[in-house]
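Got your viewer open? Let's take a short walk through this model, one selection after another.

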Amino acid sequence: MPKILYLIASHTNPAQVAILAERLIQGSADAQVLIHHDGAQPVLDAALFKSRDRIHIFPQPISVQWGSFSVVDAELRCIAWLLQQGIPFDWLVLLSGQDYPIQPLAQFEQLLAQTTYDGFIEHFPAHNPPATQWNWDKHLSFERYWFRYYSVPAQLKWLFRKLYRPVNWNPWLRVKGGRFGAKLALRRRNTPFDGTFSCYAGSQWHTLNRRCVEYIDNFVQDRPDIVEYYRHTMVPDESFFQTILVNRPDLELCNDNLRYISWTPPYPAILQSQDFDALIRSGKYFGRKFDITVDADICDRLDTHSQYPLFRR
């Protein structure tokens with residue numbers, strides 16, 4: 001079976017992160033876990049984890065803010081660390097700290113052992129998203145990836161929210177206020193996107209073989225201009241990896257991130273016991289997102305479905 005490295009990007013609820021990490025280890029004899037816990041949060045206590053020989057905590061986590069390049073940067077740093085440390089893996093699976101396996105992990109390993117794909121990652125042309133992508137249109141792509149964003153004092157967030165409609169009709173200017181703070185953006189006169197290098201978009205979550213991972217690591221060293229470009233976009237984690245990988249024609253990528261996500265308010269919805277049947281019938285291998293402070297029973301039911309002993313919660 002392939003060696004799998006689960007990379008967990010977490011920012012809250014360390015107890016739930018520990019449950020997820022131990023479940024991943026328990027489900028595979030060879031899997032390893034690397035956890036990047038938001039550097040703005042208290043340091044993860046290593047005592048939370050029993051399987052310490054196969055669970056690694058990233059030693060220098062950075063502060064991660066939604067919608068910023070820090071989301072991408074955290075994964076890039078983890079990839080570089082894994083390769084520098086020589087930790088063996090055939091596949092890297094990016095999960096959030098609120099994900100959970102919804103099928104036996106042995107089935108997931110079997111899929112990766114037999115597949116001819118190099119990666120499982122949702123992707124579509126940013127300038128022409130499919131009609132089925134109900135939460136995305138070309139105007140969203142244009143705003144996110146064709147403008148250069150500048151952070152301004154967070155105190156202006158309320159003002160930028162009020163100015164959104166009267167200002168954002170202008171094709172050269174954007175103002176935004178949200179959980180990412182306050183941003184002012186100017187449309188770029190030049191972008192790296194052309195007939196030979198297109199902009200792609202899709203969900204952040206992915207499963208990539210080592211060939212893809214090494215290519216990403218080499219790409220960011222060879223093309224610092226692309227890294228710098230995306231550093232000043234909005235929500236780059238939903239385009240950066242797609243753009244790098246899909247533009248390499250010899251990679252075989254499955255347009256499926258293998259995740260079950262319920263796009264009902266709040267986006268995404270917290271999955272609970274009433275979602276159990278939909279989860280196990282979905283044909284996906286991981287679900288997001290879960291919150292054991294809201295409903296821990298759903299994780300217990302999924303463990304029973306996968307024939308794992310229950311954790312004490």
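## A tour by salt bridges

Start by selecting R23 and D303 and showing their side chains: the two meet in a salt bridge, with 2.8 Å from N to O. Zoom out a little and you will find R23 in helix α1 (residues 14–26) and D303 in helix α10, so this pair ties together parts that are 280 residues apart in sequence. Buried or exposed, these two? Both R23 and D303 are buried. Keep in mind as you go that you are looking at a predicted model.

Next, select D99 and R288. They form another salt bridge, and their closest N and O atoms are 3.2 Å apart. Colour by secondary structure and you will see that the pair links distant parts of the chain: D99 sits in strand β5 (residues 99–101) and R288 in strand β15 (residues 286–288), 189 residues apart. Turn on a surface for this stop as well, since both D99 and R288 are buried.

Now move to R174 and E143, whose side chains meet in a salt bridge of 2.8 Å, N to O. Here a strand is joined to a helix: R174 lies in strand β9 (residues 173–178) and E143 in helix α4 (residues 138–145), so the pair ties together parts 31 residues apart in sequence. How buried is each partner? R174 has a relative accessible area of 6%, so it counts as buried, the cut-off being under 20%. E143 is buried too, with a relative accessible area of 12%.

For a group in place of a pair, select D118, R211, R248 and D250 together. These four are linked in a network of salt bridges. Side chains of opposite charge can pair when their charged atoms come close. If you would like to hunt for others, a search of the whole structure finds 13 salt bridges.

Finish by going back to helix α10 (residues 297–305), and select I298 there. Its relative accessible area is 0%, so I298 is buried. Which residues does I298 touch, leaving aside its neighbours within four places in sequence? Show L271, Q272, S273, F276, L279 and F290: I298 is in contact with each of these. As a last step, draw a distance from the C-alpha of I298 to that of L112. Your viewer should read 26 Å, for two residues that are 186 apart in sequence.

Note on methods
Residues are numbered from 1 along each chain as its sequence is written. This is a predicted model: local features need pLDDT of at least 70, side-chain atom pairs count only at pLDDT 80 or more; totals for chains, interfaces and linings use all residues. Side-chain values use heavy atoms; hydrogens and water are left out. Helices (H or I, at least four residues) and strands (E, at least two) are DSSP runs, numbered from the N terminus. Buried means under 20% relative accessible area, exposed over 50%, partly exposed in between (1.4 Å probe, protein chains only). Contact means heavy atoms within 4.5 Å.
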